[in-house]
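Subject: Structure for you to look at

Hello,

Here is the structure I promised to pass on. Please open it alongside this email, and then read my notes below.

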Amino acid sequence: MQIKVLFNKDALNKKFHTGWGLSFLIGEEILFDTGEKGEWLLENIKSLKVDIDKIEVIIISHDHWDHTGGLWTLLEKKRFKVYGLKGFSEKFKMRVRSLNSELLEKEGFSEIKKNIFTTGEVLATYKGMSLSEQALVIKTNKGISVITGCSHPGILKILKLVKSYFKRDNFYFVGGGFHLIDKEQIQLQFLTEEFGKLKVSKVGPTHCSGYEAEELFRKNYKDNFVSLEVGKSLEV
Ligand SMILES: [Zn+2]
Ligand SMILES: [Zn+2]
């Protein structure tokens with residue numbers, strides 16, 4: 001299964017737009033998150049020769065502007081199946097429905113397409129409030145891959161939840177936002193050791209993971225560190 005980076009803070013080529021937030025294309029049919037701005041996402045989609053007509057499903061990791069920002073421009077173009085969560089704001093839900101797309105809210109772990117899953121609602125506390133987030137899980141013969149938005153509930157909490165569904169499989173790739181910007185070096189050290197215990201083969205921390213976390217993973221994973229610039233494709 002191919003993962004293509006459509007939006008992120010860095011790009012392979014200057015012609016691509018970069019900014020805050022993430023967007024990944026999984027295969028040809030599934031989009032995970034939409035970055036901060038619709039026009040930028042659409043222009044990257046065009047530059048990368050992605051066929052928007054083939055995209056059927058949009059999964060939104062969590063209801064934050066840097067992940068939902070591009071959604072509205074896409075929904076104005078055509079109808080999609082949008083995977084949100086029960087905990088998302090009423091404003092988000094009404095806006096999706098008002099643009100005629102179907103809104104799904106899976107509470108638990110569920111299969112979206114063959115061997116592609118959402119974790120369903122994983123809860124975090126963000127600025128003193130409850131926040132719902134979901135991550136994308138792909139099962140292939142290489143193992144289990146997990147794509148995250150911001151990992152506000154904690155990347156380890158997400159990985160342990162996924163592991164409880166796929167007890168016998170190893171993690172092949174874990175990438176996306178790990179939200180480690182405010183973590184101390186000792187906490188980051190602990191985290192990379194836990195990744196080792198969970199036998200994660202390749203990592204791609206980006207977005208809100210923070211420079212220090214990215215550098216530590218890069219040092220530990222060497223050739224198995226995957227940088228996720230716009231325009232990059234990765235086979236999982
Ligand atoms: Zn974010
Ligand atoms: Zn966020």
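What follows is a short tour, from the whole chain down to single residues.

**Overall**

First, a caution: this is a predicted model. Everything below is computed from it.

The protein has 7 helices and 15 strands. Its C-alpha atoms fill a box of roughly 45 × 40 × 35 Å along the principal axes. For 236 residues, a compact globule would have a radius of gyration near 18 Å; the protein has 16 Å, which agrees. Of those 236 residues, 42% count as buried. Long-range contacts are well represented: among contacts between residues at least 6 apart in sequence, 63% join residues at least 24 apart.

**The sheet of 7 strands**

Seven strands form an open sheet, in the order 6-5-4-3-2-1-15. The pairing is mixed. The edges are strand 6 (102-105) and strand 15 (233-235), each paired on one side only. Neighbouring strands here are turned by 25° against each other on average, direction ignored.

Some of the pairings in detail:

- Strand 2 (23-26) and strand 3 (residues 30-32) run antiparallel, joined by 3 bridges. Ile-26 stands opposite Ile-30 in strand 3.
- Strand 4 (residues 57-59) pairs with strand 5 in the parallel sense, over 3 bridges. Here Ile-59 stands opposite Tyr-83 in strand 5.
- Strand 5 and strand 6 also run parallel, with 4 bridges between them. Lys-81 stands opposite Glu-102 in strand 6.

Two helices that pack on this sheet are worth finding. Helix 1 touches strand 1 and strand 2, and its direction makes about 135° with that of strand 1. Helix 4 (residues 90-98) touches strand 5 (81-84) and strand 6. The direction of helix 4 makes about 175° with that of strand 5.

**Helix 1 up close**

Which residues of helix 1 are buried? In helix 1 (residues 38-47), they are Trp-40, Leu-41, Asn-44 and Ile-45. They cover an arc of only 140° around the axis, so they sit on the same side of the helix. The spacing fits a general rule: an α-helix has 3.6 residues a turn, so residues three or four places apart point the same way.

Strand 1 (2-7) and strand 2 (23-26) are included in what covers these buried residues. On the other side of helix 1, Glu-39 and Lys-46 are exposed. After the helix comes Lys-49, with a positive phi near 55°.

**The sheet of 6 strands**

There is also an open sheet of 6 strands, again with mixed pairing. The order is 7-8-11-12-13-14. Strand 7 (110-113) and strand 14 (202-206) stand at the edges. Each has a single partner strand, so one side of each is left without a neighbour in the sheet. The average turn between neighbouring strands of this sheet is 20°, direction ignored.

Strand 13 (residues 171-177) and strand 14 run parallel, joined by 5 bridges. Gly-175 stands opposite Gly-204 in strand 14.

**The core**

The largest nonpolar core has 57 residues. Those with the most contacts inside it are Phe-24, Ile-26, Ile-58 and Val-146. In soluble globular proteins, nonpolar side chains tend to be buried together.

What does Ile-26 contact, leaving aside its neighbours within four places in sequence? The list is Met-1, Ile-3, Phe-32, Ile-116, Leu-136 and Ile-138.

**Asp-66**

Look at Asp-66 too. It lies in helix 2 (residues 65-68). Is Asp-66 buried or exposed? The cut-off for buried is 20 or more other C-beta atoms within 10 Å. Asp-66 has 22 such neighbours, so Asp-66 counts as buried.

Beyond its neighbours within four places in sequence, Asp-66 is in contact with Trp-20, Gly-21, Gly-35 and Glu-36. Asp-66 and Phe-88 are 22 residues apart in sequence; from C-alpha to C-alpha they are 14 Å apart in space.

**To recap**

Two places to start are helix 1, with Trp-40 among its buried residues, and Ile-26, one of the residues with the most contacts inside the largest nonpolar core. Then go to Asp-66, which counts as buried with its 22 C-beta neighbours inside 10 Å.

Best wishes

Note on methods: Residues are numbered from 1 along each chain as its sequence is written. Chains are lettered from A and ligands numbered from 1 in the order in which they are written. This is a predicted model: local features need pLDDT of at least 70, side-chain atom pairs count only at pLDDT 80 or more; totals for chains, interfaces and linings use all residues. A residue is buried if 20 or more other C-beta atoms lie within 10 Å of its own, exposed if 12 or fewer, and partly exposed in between; C-beta atoms are placed from the backbone. The arc is that of the directions from the helix axis to the C-beta atoms. Two residues are in contact if their C-beta atoms, placed from the backbone, lie within 7 Å. A nonpolar core is a set of buried Ala, Val, Leu, Ile, Met, Phe, Trp, Tyr and Cys residues joined through C-beta atoms within 7 Å. Two strands pair if DSSP finds at least two bridges between them. Axes are lines fitted to C-alpha atoms, for helices over the stretch in contact, and angles run from 0 to 180 degrees between N-to-C directions. The radius of gyration is taken over C-alpha atoms; the globule rule is 2.2 Å times the number of residues to the power 0.38.
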